[in-house]
Amino acid sequence: MTVNGASPLVEMRDMRVSFGGVHAVDGVTIDLRQGEILGLVGGNGAGKSTLIKTLSGAQRPDSGTIFVDGEPVDIHTPIDAKRWGIETIYQTLALADNIDAPGNMFLGRELTTGFGNMDDSAMEDATRKIMARLNPKFQNFKAPVASLSGGQRQSVAIARAVHFNARILIMDEPTAALGPAETDQVRELIRQLKDEGIGIILISHDIHDVFDLADRISVMLQGKLVGTVNKGEVTIDEILAMIIIGKMPDELTTAEIADLHG
Amino acid sequence: MAVTEESTTTSEGALTPEVPEGGDPTGLRGRVKRTFAALEIDTRMFGMIFGLVVIWIGFHIWTGGTFITPRNLWFLTVQTSIVAIMATGMVLIIVSRNIDLSVGSMLGFIGMFMALLQAEWLPALIGFDQWYTWILVLIAGLILGAILGLIQGAVVAYLGVPSFIVTLGGLLIWRGLSWVMARGRTIAPMDVSFQLLGGGARGSVGGTVSWIIGAVASVAIVSFLVIRRRNRLKFGFRVRPFWADVVLMVLGPALVLGAVWFLNQYYLPIGLAEQYVEEHGLDIPPEELEVPFGIANPVLIALGTALVMTFIATRRRFGRYVYAIGGNPEAAKLSGIRTKRLVMLTFMLMGILVGLAAAVQIARLNSATAGLGTLQELYVIAAAVIGGTSLSGGVGTVFGAVLGALFMQSLQSGMVLVGIETATQDVIIGVVLVAAVAVDVAYRRRQAR
């Protein structure tokens, strides 16, 4: 599991989560390296979201171990995850709609003055600075985020993840709610973050999204890991076969491939 | 949605105020809107103040000039204070998507406890009317309030019982316990120092101190505006136009000092004036004596409470988290906020405020009865809701709730002055409550579009 002798940034080993007898995640092992984008794909109910929730601290696994830089770590809460530099952008964005952009960006990690009062100016300043980089058109720093467009809300969620020096970024369907222009913008941003050395786990329904961006792709089906492949060594069809049939490319028969196109 | 981005990005320069879109930019409405935007006055809040002014003037005319008088408004402020104290806490409860139906009964229970403590239990130990009795009683009452609130909050947060049910239970439990504790007796009188918490001639600060308080408040308003402006300029953020800040710096202190001036014209009535002349060995006829009551203690307590609660709600993390929970509980949890603990603490805070309100109430009545605080929960919730707190959570301000309390009390005391019977008063207040929320809902729907 080592690359160039170094430990992977994150390894999740033999993760299991079950809800009342249903195995949502059933013995899955994946790893992520520095500056890498790992695509995590699978159909509805494949267990992708549950798996990454164990990494972001939103869901406790029944068993399994998470390693950061090769060291086993305990992640029980979102705070634990953030302590290890693991930031998550949820599909729902997880924004408090009634609070403005700086308030959301620093939610749970507010900047305070010496007396423990919130330092709104400093937070707005930091938000303006990061937005100048991520989305220069963003100007609405005082309005509740409910009044922002989908793309602007997405920017806030991304800014929140990036601002705190994330080393590991989990993005759950980052482009699902966006128009074409905004999608391109987010894709560009993902590449930029990768170049900065951040490890990214990208979850998406959109196989083209993943195929464009990811270095490696892990496929899940019914709670189990079908396999992890290097993008350069597979075709989109082969990935689709993994998602739908649950077979690795070398196990596929020509009849099955024909079926896919049926 | 895309329009929002468009319109704000086109506003040029750092010093231009953000203008809310929608509305005719050239007509009178557009101009009024822009003026408000520059002053950063919430149009909703303005609507409420406007409504308040309308009913004040309406009652003034209807009563033939007895409503807007120093005496009547002085009493109005005192009567508002008890509901206002509790409404400041109810806002946070409702903002976090909960409700507290128990505050009236809890006020009765804590009030009865404090009454018994100072009239029966403590005197048995330390004798009557020690100078420190009132402090012991008040602290005990606040602690009891904290405990009761903590119990209810813990059941809501950790056992997951809906707050509606928990506090409905509390409504019955605290009322029943209050009766059990005193067997339905009326406990009186209160400790002489404790009585001062309730207002009256001795429980008011007098003319000079009122002026000092007004002056301090004015200085505070101006410094707040100056510091805020400087701070925002330091970061290069947009600030209000200079004229707008100047207007606020004049308007704020003018309102405060005007209120002090007006209320200070409520002088001691003849009986108390005679006493005053005698005590101070003055050589003027009592009917010519013009000694103002000044701001009543309960009003100072309510104003202080509102200030502290506003500070907690807007400047502290605690407040920010309460709003976050109300806006999106899931997001709050994912941000690492300990939502359960926080909800429990809001109920504890509510309990403390109920304890404070109970102290003022029994001091004012100089007694505690079995029915103390009955139906107060409804007035407190109504004040918060009329003041713009949304029952679906996430929205509401402490200042709005205080205004709401004042609004309701104005309505009620106006109707008393006019001579409307109690039953009809209830009908009218009920209608106003529903109408106020209907207007608010319609307004918000327009804003959201």
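For a chain of 262 residues, a compact globule would be expected to have a radius of gyration near 18 Å, and the 19 Å computed for chain A agrees with that expectation. The model from which this value was derived is a predicted one. Along its principal axes, the C-alpha trace of chain A extends over about 65 × 40 × 40 Å, and buried residues account for 47% of the 262 residues in the chain. Of the contacts in chain A that link residues at least 6 apart in sequence, 64% are made between residues at least 24 apart. The secondary structure of this chain amounts to nine helices and 10 strands.

In chain A, four strands are arranged as an open sheet in the order 2-1-4-5, with antiparallel pairing. The edges of this sheet are formed by strand 2 (22-32) and strand 5 (71-73) of chain A, each of which pairs on one side only. On average, and with direction ignored, neighbouring strands of the sheet are turned by 30° against each other. Within the sheet, strand 1 (residues 10-19) and strand 4 (residues 63-68) of chain A run antiparallel and are joined by five bridges; A:Val10 has A:Val68 in strand 4 of chain A as its bridge partner. Strand 1, strand 2 and strand 4 of chain A are crossed by helix 1 (residues 48-56) of chain A, which runs at about 120° to strand 1 of chain A.

A further antiparallel pairing, over six bridges, is found between strand 9 (residues 216-221) and strand 10 (residues 224-230) of chain A. In this pairing A:Val219 is placed opposite A:Gly227 of strand 10 of chain A. The two strands form a hairpin with two residues between them, where A:Gln222 adopts a positive phi near 45°.

Helix packing in chain A is illustrated by helix 8 (residues 236-244) and helix 9 (residues 254-261), whose axes lie 11 Å apart and enclose an angle of about 90°. Because angles of 65 to 115 degrees count as roughly perpendicular, helix 8 of chain A is described as roughly perpendicular to helix 9 of chain A. The residues that meet are A:Asp237, A:Leu240, A:Ala241 and A:Ile244 from helix 8 of chain A, and A:Glu256, A:Ile257 and A:Leu260 from helix 9 of chain A. By class, this contact between helix 8 and helix 9 of chain A comprises five nonpolar and two charged residues, with no polar residue.

The contact between the two chains draws on 30 residues of chain A and 29 residues of chain B. On the side of chain A that touches chain B, at least two residues each are supplied by helix 2 (78-83), helix 4 (120-134) and helix 5 (150-163) of chain A. The composition of that side, by class, is 11 nonpolar, 12 polar and seven charged residues.

In chain B, B:Gln79 is located in helix 4 (residues 70-95). With 20 other C-beta atoms within 10 Å, B:Gln79 is buried, since 20 or more such atoms are required for that class. The C-alpha atoms of B:Gln79 and B:Ser410 are separated by 9.3 Å, although the two residues are 331 residues apart along the chain. When neighbours within four places in sequence are left aside, B:Gln79 is in contact with B:Gln409 and B:Ser413.

Several backbone features of chain B also deserve description. Most residues other than glycine have a negative phi, and most peptide bonds are trans. A cis peptide bond, with omega about -10°, joins B:Ala188 to B:Pro189, and B:Pro189 belongs to the loop between helix 7 (163-182) and helix 8 (206-234) of chain B. A positive phi, near 70°, is taken by B:Arg97, which is placed in the loop between helix 4 and helix 5 (103-126) of chain B; B:Arg97 is partly exposed, with 18 other C-beta atoms within 10 Å. B:Asn366 likewise has a positive phi, near 60°, and is found in the loop between helix 14 (339-365) and helix 15 (376-386) of chain B. B:Asn366 counts as partly exposed, with 15 C-beta neighbours inside 10 Å.

Key:
Residues numbered from 1 in each chain as written. Chains lettered and ligands numbered in written order. Predicted model: local features only at pLDDT ≥ 70, side-chain atom pairs only at ≥ 80, totals over all residues. Pairing = 2+ DSSP bridges. Rg over C-alpha atoms; globule rule 2.2 N^0.38 Å. Buried ≥ 20, exposed ≤ 12 C-beta atoms within 10 Å, placed from the backbone. Contact = placed C-beta atoms within 7 Å. Axes fitted to C-alpha atoms, helices over the stretch in contact; angles between N-to-C directions. Parallel < 35°, antiparallel > 145°, perpendicular 65-115°, else oblique. Nonpolar A, V, L, I, M, F, W, Y, C, P; charged D, E, K, R; others polar.
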